[in-house]
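This report introduces a protein to a reader who has not met it before. Please keep the sequence and the structure in view while reading.

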Amino acid sequence: MFPRATQTDRRAAARERTEALEAIDRPDAEAGAPDAPPGPGRYLVVERDGEEQHLALTRSVTHLGRGFAATIQLEDPGVSRRHAIVVQRRGSVRILDDRSANGTWVNGRRVFEAELADGDVVVLGRVVLVYREVLA
């Protein structure tokens, strides 16, 4: 039989998981140079504490939301746990609303599905993201 974890042990484990999730939310930190310009690829750019943060879209399907299952977690009460999905296929990038409460907005229009182009402004809750394509 395994010994029962004390409440202090569970709290410490929860803090460790939270720190790991925060590290996932900072893709530029992996490169070791947070101020370095992003390499070629597709990104969602968000401004945090006066600095731009580039969130790389490296998967063919990226889930955006407040929940733990989201690929990119957005800490805003106006963002649903499962808010939107970014799909990359055949050279194009599309954003789909994932039945969110406050909707997915692209360039000031509420959308259920939209193709993204460089410079498009995406709003989820109160989070403003700019879609960027960096060419080689």
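The sections below move from the overall make-up to the sheets, and then to the interior.

## Overall make-up

The model described here is predicted. Its secondary structure comprises two helices and 11 strands. Read from the N terminus, the order of elements is α-α-β-β-β-β-β-β-β-β-β-β-β.

The protein has 136 residues, of which 33% are buried. About 9,200 Å² is exposed, and carbon and sulfur atoms supply 51% of that area. Among the contacts with a separation of 6 or more, 34% join residues that lie 24 or more positions apart.

## The six-stranded sheet

Six strands form an open sheet in the order 2-1-11-10-7-8, with antiparallel pairing. Its edges are strand 2 and strand 8 (109-111), each of which pairs on one side only. From one strand to the next, the twist averages 35 degrees.

Strand 1 (residues 41-48) pairs with strand 11 (residues 127-134) in the antiparallel sense over six bridges. Within this pairing, Val 45 has Val 130 of strand 11 as its bridge partner. Strand 1 also pairs with strand 2 (residues 51-56), again antiparallel and over six bridges; here Arg 48 is matched with Glu 51 as its bridge partner in strand 2. These two strands, strand 1 and strand 2, make a hairpin with two residues between them. In the turn, Asp 49 has a positive phi of about 50 degrees. Further along the sheet, strand 7 (residues 104-106) and strand 10 (residues 121-124) run antiparallel and are joined by three bridges. Thr 104 stands opposite Leu 124 of strand 10.

## The five-stranded sheet

An open sheet of five strands has the order 4-3-5-6-9, and its pairing is mixed. Strand 4 (72-73) and strand 9 (113-115) are the edge strands, and each pairs on one side only.

Inside this sheet, four bridges link strand 3 (residues 61-65) to strand 5 (residues 84-89) in the antiparallel sense. Leu 64 has Ala 84 of strand 5 as its bridge partner. Strand 3 is also the place of Thr 62. Thr 62 counts as buried because its relative accessible area is 2%, where buried means under 20%. Apart from its neighbours within four places in sequence, Thr 62 is in contact with Leu 57, Thr 71, Ile 72, Ala 84, Ile 85 and Val 86.

## The nonpolar core

In soluble globular proteins, nonpolar side chains tend to be buried together. In this model, the largest nonpolar core has 21 residues. The members that touch the most others are Leu 64, Leu 74, Ile 95, Leu 124 and Leu 129. At least two core residues come from each of strand 1, strand 5, strand 6 (92-97), strand 10 and strand 11. Strand 11 provides the largest share, with three residues.

Two of these core members have already appeared in the sheets: Leu 64 is the bridge partner of Ala 84, and Leu 124 stands opposite Thr 104. Ile 95 has contacts with both Leu 64 and Thr 104. When neighbours within four places in sequence are set aside, the other contacts of Ile 95 are Ala 84, Ile 85, Val 86, Val 106, Phe 112, Glu 113, Ala 114, Leu 116 and Val 122.

Note on methods. Residues numbered from 1 in each chain as written. Predicted model: local features only at pLDDT ≥ 70, side-chain atom pairs only at ≥ 80, totals over all residues. Heavy atoms only, no water. Pairing = 2+ DSSP bridges. Axes fitted to C-alpha atoms, helices over the stretch in contact; angles between N-to-C directions. Core = buried A, V, L, I, M, F, W, Y, C linked by side-chain atoms within 4.5 Å. Buried < 20%, exposed > 50% of the residue type's maximum accessible area, 1.4 Å probe, protein only. Contact = heavy atoms within 4.5 Å. Areas by Shrake-Rupley, 256 points an atom, 1.4 Å probe, with all protein chains shown as cover.
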